[in-house]
Amino acid sequence: MKKPIVALIYDFDGTLSPGNMQEFGFIQAVGKTPEEFWNLSNNIAIGQDASDVLAYMKLMYDEARSNGIRLRRSEFQKFGKEIKLFEGVREWFSMINEYGASKGVIVEHYINSSGLKEIIEGSPIASEFKHIFAGSYLYDENGEAEWPGIAVDYTAKTQFLFKICKGIFSSRDTKMVNSSVDDSMKRVQFSHMIYFGDGDTDVPCMKIVGMFGGYPVAVYDGDNEKKRSAAMKLKRQGRVKFITPAVYTKNSRAYRIVCAIIDKIRADEELYALS
């Protein structure tokens, strides 16, 4: 029997990391506090009824230029090295891969983030992901950022679920992702997806994954009661099937949930093969 692929899809900020990725070096480099930076970004978005994502990307560009910072990919990746991660994240991927292999399934990990791909690529866990779907800049002939290339908001994130399903790793593609494909030809079934998210930008993805038989999971910072309440609200509303503290150690609740889902996926596959 062909080994099924189980896709673990993660938001980044608030899911794998306790803060927004811009807060681990970039904001400090432009002489702002996180509160100051996000207030400025929100004012741009509110004042011009603009996208929150495009507003923060423009503010990053403007602040970098005014502070003499050349926004190259290498500079973004340098900031990514400073990102803090929740407990157990660094060891998480190998543990889940090992468990999946022991059960006869292939485990793949993906990022689906409204943050910046260039920063995530510099993080200590970048190599763990099959693909990183996130925002990014366009670069001029000198390799410096000059314009947003991809801006990923809460609805844009949903397209990447269908790309993962069909095995498409191009953010630009709009043709293949919209083509009709028989279920048997889809690379990753929605029922084999586990989606980890923490907030409002993840709700449409959570809803779609759940609707098609997958497993949306809301994680929260155990030290933040507001985040815990938000996760509980998502569970009450039926947006997610599970909630868990953002602790990724072996035998944590998150680990037990994923292992149980892998067991179920494998059992369902075996049962289907007998039908």
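Asp 202 is buried in this predicted model, because its relative accessibility is 0% and buried means under 20%. Its partner Lys 157 also has a relative accessibility of 0%, and therefore Lys 157 counts as buried. Between Lys 157 and Asp 202 there is a salt bridge, in which the closest N and O atoms are 2.8 Å apart. Lys 157 belongs to helix α7 (residues 156–166), whereas Asp 202 sits in the loop between β5 (193–197) and α8 (203–211), so this pair ties together parts that are 45 residues apart in sequence. The pairing also extends to Asp 11, since salt bridges that share partners join Asp 11, Lys 157 and Asp 202 into one network.

**Salt bridges across the chain**

Side chains of opposite charge can pair when their charged atoms come close. The structure holds 13 salt bridges, and the table sets out some of them, including the one just described.

| Salt bridge | N to O distance |
|---|---|
| Lys 157 and Asp 202 | 2.8 Å |
| Glu 63 and Lys 32 | 3.2 Å |
| Lys 103 and Asp 263 | 4.0 Å |

The side chains of Glu 63 and Lys 32 meet in a salt bridge, at 3.2 Å from N to O. Glu 63 is part of helix α3, while Lys 32 is found in the loop between α1 (26–29) and α2, so the pair ties together parts that are 31 residues apart in sequence. Glu 63 is buried, with a relative accessible area of 13%, whereas Lys 32, at 24% relative accessibility, counts as partly exposed.

A further salt bridge, with 4.0 Å from N to O, is the one in which the side chains of Lys 103 and Asp 263 meet. It links distant parts of the chain, for Lys 103 is in the loop between α5 (89–102) and β2 (106–116) and Asp 263 is in helix α10 (residues 253–273), 160 residues apart. Lys 103 counts as partly exposed at 34% relative accessibility, and Asp 263 is partly exposed as well, with a relative accessible area of 31%.

**How α2 meets α3**

Two packed helices are described by the angle between their axes and the distance between the axes. For helix α2 (residues 34–47) and helix α3 (residues 52–66), the packing angle is about 125° and the axes are 8 Å apart. That angle makes α2 oblique to α3, and α2 passes α3 in a right-handed crossing. On the α2 side, the residues in contact are Phe 37, Trp 38, Leu 40, Ser 41, Ile 44 and Ala 45, and they meet Asp 52, Ala 55, Tyr 56, Leu 59, Met 60 and Glu 63 in α3. By character, the residues of this contact divide into nine nonpolar, one polar and two charged. Glu 63, which takes part in this contact, is also the residue of α3 that pairs with Lys 32.

**Positive phi in two loops**

Which residue in the loop between α2 and α3 has a positive phi although it is not a glycine? Asp 49, found in that loop, has a phi of about 50°, and Asp 49 is exposed, with a relative accessible area of 75%. Asn 251, in the loop between β7 (242–245) and α10, likewise has a positive phi, near 70°, in a residue other than glycine. Asn 251 is exposed, its relative accessible area being 56%.

Notes: Residues numbered from 1 in each chain as written. Predicted model: local features only at pLDDT ≥ 70, side-chain atom pairs only at ≥ 80, totals over all residues. Heavy atoms only, no water. Axes fitted to C-alpha atoms, helices over the stretch in contact; angles between N-to-C directions. Helix = DSSP H or I, 4+ residues; strand = E, 2+ residues; numbered from the N terminus. Parallel < 35°, antiparallel > 145°, perpendicular 65-115°, else oblique. Left-handed = near helix turned anticlockwise from the far one by under 90°. Contact = heavy atoms within 4.5 Å. Nonpolar A, V, L, I, M, F, W, Y, C, P; charged D, E, K, R; others polar. Buried < 20%, exposed > 50% of the residue type's maximum accessible area, 1.4 Å probe, protein only.
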